[in-house]
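I opened this notebook page to record what I looked up in the structure, entry by entry. I begin with strand pairing, and then turn to the overall make-up and the internal cavities.

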Amino acid sequence: MHRHLVKTALVTGAALAVLAACGTDGEQASEARGTKAAVPAPPEKKPVEGLPGMPPVLDPQDVYAADRPNKLSPVVKDFPSRVYVPNTESDTVSVIDPKTYEIVRTIRVGRQPQHVVPSWDLKTLWVNNNRGHTLTPIDPKTGRAGKEVEVHDPYNLYFTPHGKYAVVMASLDRELVFRDPHTMAVEKTVPVSCYGVNHADFSLDGRYFIVSCEFSGELLKVDTEKMEVVGQQRLPFEGAMPQDVKISPDGKRFYIADMMAHGMWVLDGDRFTEPTLLPTGKGCHGLYVSRDSREMYVSNRGEGTISVFDFTRDELTKKWRLPDGGSPDMGGVSADGKVLWLSGRYDAEVYAIDTRTGTQLARIPVGSGPHGLAVYPQPGRYSLGHTGVFR
């Protein structure tokens, strides 16, 4: 009987060994086939159903995916790198070579130029001569200005994501004017009840955009395709003065700079509920996203500083102070992402700032009242307007 037990144990052990061996082979085969259950498959990115006619969204998690360092469109790759500075009180545009920090050209334009705006097709820079009631086209290949186009009260200028319309922010006229993006002929005029429409940004799918109303402290939500205001709210701060608008990379939030609330309003654009305030600094004004979509540079015009906001951490991580002070206003990021350019609104100067350290690289004297400067060219497939909002 003892021999029988030994024999049974041997047989059982052999069988278990065979089964174990089979199991090992199966696991190895499973690993070879890449079907190991412990490694979950990455979540599938659902395509975004964008505004009809709009170029497809490259990455549903990053609206700025086309704006990577030096990723220039074939349309602009041969354009010389320049910084175009509209001087509101000098009625000129100073053109700076960013390599030498020197003014290489001064262009005479109409009365009170506010912003230099890249066109949707990237081929033209439009100077918004607000009180001159004209737009001056500049050829970014040659740097020369063309014939002015009559457009009433062009404080700022945007383009719909499908390129079908230009949208003039007629601040004093209290209108959003949809125009042909090439001839600037009027297609539709939308009266608004708020005061001082000035800045905007579009949703991830391009189907709506948020507009700031500077003089009445309000926000508008506009249906892009219908060209209609579909929402309006007053900011919950007495004396609010909203300025620049930028959407988060994932498209879930809008940030609205407020120079009287001294911070950014954080808004759920889809729901258009009451926003919350994130303090940044005195005179919060311009908002610019880094080339890797991780950070946003916030100019605090009233205290001469730039705050750095981390999208992932959802918090301010740094604050850079300009030596000798200043009034950092509007601008843009260089094509390689290494330099932030800002106008010094009340100091007749322009600042070049290292985006890695916050060090001031240059302080360049320009005309009086420099405002919405454009760094050009920049990466991206098309322009939504302002001083360079690219997708």
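In which sense, parallel or antiparallel, do β17 and strand β18 pair, and over how many bridges? Bearing in mind that I am working with a predicted model, I looked up this pair and found that β17 and β18, the latter spanning residues 254-258, run in the antiparallel sense and are joined over four bridges. Within this pairing I noted one position in particular, where K246 stands opposite Y255 in β18.

I then followed the pairing outwards, and found that β17 and β18 belong to an open sheet of four strands, whose order is β17-β18-β19-β20 and whose pairing is antiparallel. The edges of this sheet are β17, at 242-247, and β20, at 276-279, each of which pairs on one side only. From one strand to the next, I recorded a twist that averages 25 degrees.

Next I looked up the make-up of the protein as a whole, for which I wrote down 29 strands and one helix. Of its 391 residues, 56% count as buried. I also checked how the contacts are spread along the sequence: among those between residues at least 6 apart, 46% join residues at least 24 apart.

My following entry concerns empty space inside the model. How many cavities of 30 Å³ or more does the structure hold? I found two cavities at or above that volume.

For the largest cavity I noted a volume of about 190 Å³. Its lining is made up of 17 residues, of which D67, V289, R291, Q378 and G388 are the closest to the centre. When I asked which elements give two or more residues to this lining, I arrived at β21, covering 284-289, and β25, covering 328-333. Sorted by class, the lining of the largest cavity has eight nonpolar residues, six polar ones and three charged ones.

The second largest cavity came out at about 90 Å³ in volume. Here too I looked for the residues closest to the centre, and among the 17 that line this cavity these are V57, V63, R381, Y382 and R391. What classes do the residues of this second lining divide into? I counted eleven as nonpolar, two as polar and four as charged.

To close the page, I set the two linings side by side: the largest cavity has eight nonpolar and six polar residues in its lining, whereas the lining of the second largest has eleven nonpolar and two polar residues.

Definitions and conventions. Residues are numbered from 1 along each chain as its sequence is written. This is a predicted model: local features need pLDDT of at least 70, side-chain atom pairs count only at pLDDT 80 or more; totals for chains, interfaces and linings use all residues. Side-chain values use heavy atoms; hydrogens and water are left out. On a 1 Å grid over the protein atoms alone, a cavity is a set of points where a 1.4 Å probe fits but cannot get out, and a pocket is an open set with protein on both sides within 12 Å along at least five of seven lines; lining residues have an atom within 4 Å of a point. Grid points are joined across faces, edges and corners, and a volume is the space filled by probe spheres set on the points. Ala, Val, Leu, Ile, Met, Phe, Trp, Tyr, Cys and Pro count as nonpolar, Asp, Glu, Lys and Arg as charged, and the others, Gly among them, as polar. Two strands pair if DSSP finds at least two bridges between them. Axes are lines fitted to C-alpha atoms, for helices over the stretch in contact, and angles run from 0 to 180 degrees between N-to-C directions. Buried means under 20% relative accessible area, exposed over 50%, partly exposed in between (1.4 Å probe, protein chains only). Contact means heavy atoms within 4.5 Å.
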